[in-house]
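Here is a short tour of a protein model, moving from the inside to the surface. Keep the structure open beside you as you read.

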Amino acid sequence: RRKTCVRCSRTVDDGSWIKVESGSGALCDNCWKYMYLPKCRRCNLPIEKQALSSSDGQLKGKYHRDCFSCHTCQKPFPDKTFYVFDGRPYCDYHYHEVNNSLCAASDCGCPIEGPCAVSHAGGRYHPEHLTCEHEACTKRLVEYWEVEGRMLCERHMRRVVDMERAGMGLGLERLDIDVAEGEDSRARRRMTRFIDIGGL
């Protein structure tokens, strides 16, 4: 007997309909699946067969096997290893990107897992990569100076400030007094914070 789906109003005459619990009509097969089967968190379509989910509750929702991939780049996890951030699965790189745990050093940019150096501006670095930003200086910074947005060791801070003062005709004899008393607004003393960023 012909039926009309109470949800989509489509006429169903192939026998693939489900009686509504209240007994006042029927649902077509597609509407029943959409209303009662779990939906994939990636594509939002009903999951009819096997679903991937998390037993520990960190990964929210369920996924079709083919839809289970990095939330950002949508690449699958060939070694079955993934990270979870805000209830979603991520590959190594994109997890660290959303977690703000990529090294801020211009010649690195790799994930940080373990010891992490944090600059005054909040940049995160591998401890060995937080170094003086003066040309060719590789001194690691724990206590350092910020001069016009650059992080410098004390030696290069003094050199930069000396050159600026010489160019402005201020003389060099006041440098030690000004910096020691914090009167030189161009050079600010900063301290590195150290934290630990866990892995998987």
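## The nonpolar cores

Let's begin inside this predicted model. Its largest nonpolar core is made up of 22 residues, and Tyr125, Leu141 and Met157 have the most contacts inside it. Several elements contribute to this core: strand 9 (114-118), strand 11 (143-147), strand 12 (150-152) and helix 3 (154-168) each supply at least two of its residues. Apart from this core lies another one, built from twelve residues, including Leu59, Cys67, Phe77 and Tyr90.

Leu141 deserves a look of its own. Leaving aside residues up to four places away in sequence, Leu141 touches Leu130, Thr131 and Cys132, along with Met151, Leu152, Cys153 and Thr192.

## A nonpolar patch on the surface

Now turn to the outside. Trp32, Tyr34, Met35 and Tyr36 form a nonpolar patch there, and together they offer about 380 Å² of accessible area. Met35, one of these residues, belongs to helix 1 (residues 29-36).

Why can Met35 take part in such a patch? Its relative accessible area is 41%, and patch residues need over 30%, so Met35 clears that cut-off while counting as partly exposed.

## The protein as a whole

Stepping back, you can find four helices and 14 strands in the protein. Of its 200 residues, 33% count as buried. Among contacts between residues at least 6 apart in sequence, 31% join residues at least 24 apart.

As for the surface, the protein exposes about 12800 Å², with carbon and sulfur atoms supplying 47% of that area.

Key
Residues are numbered from 1 along each chain as its sequence is written. This is a predicted model: local features need pLDDT of at least 70, side-chain atom pairs count only at pLDDT 80 or more; totals for chains, interfaces and linings use all residues. Side-chain values use heavy atoms; hydrogens and water are left out. Patches are made of residues with over 30% relative accessible area and no salt bridge: like charges are joined within 9 Å, nonpolar side chains (Val, Leu, Ile, Met, Phe, Trp, Tyr) within 5 Å. Accessible areas come from the Shrake-Rupley method with a 1.4 Å probe; for residues, only the protein chains shown count as cover. A salt bridge is a side-chain nitrogen of Lys or Arg within 4 Å of a carboxyl oxygen of Asp or Glu. Buried means under 20% relative accessible area, exposed over 50%, partly exposed in between (1.4 Å probe, protein chains only). A nonpolar core is a set of buried Ala, Val, Leu, Ile, Met, Phe, Trp, Tyr and Cys residues joined through side-chain atoms within 4.5 Å. Contact means heavy atoms within 4.5 Å.
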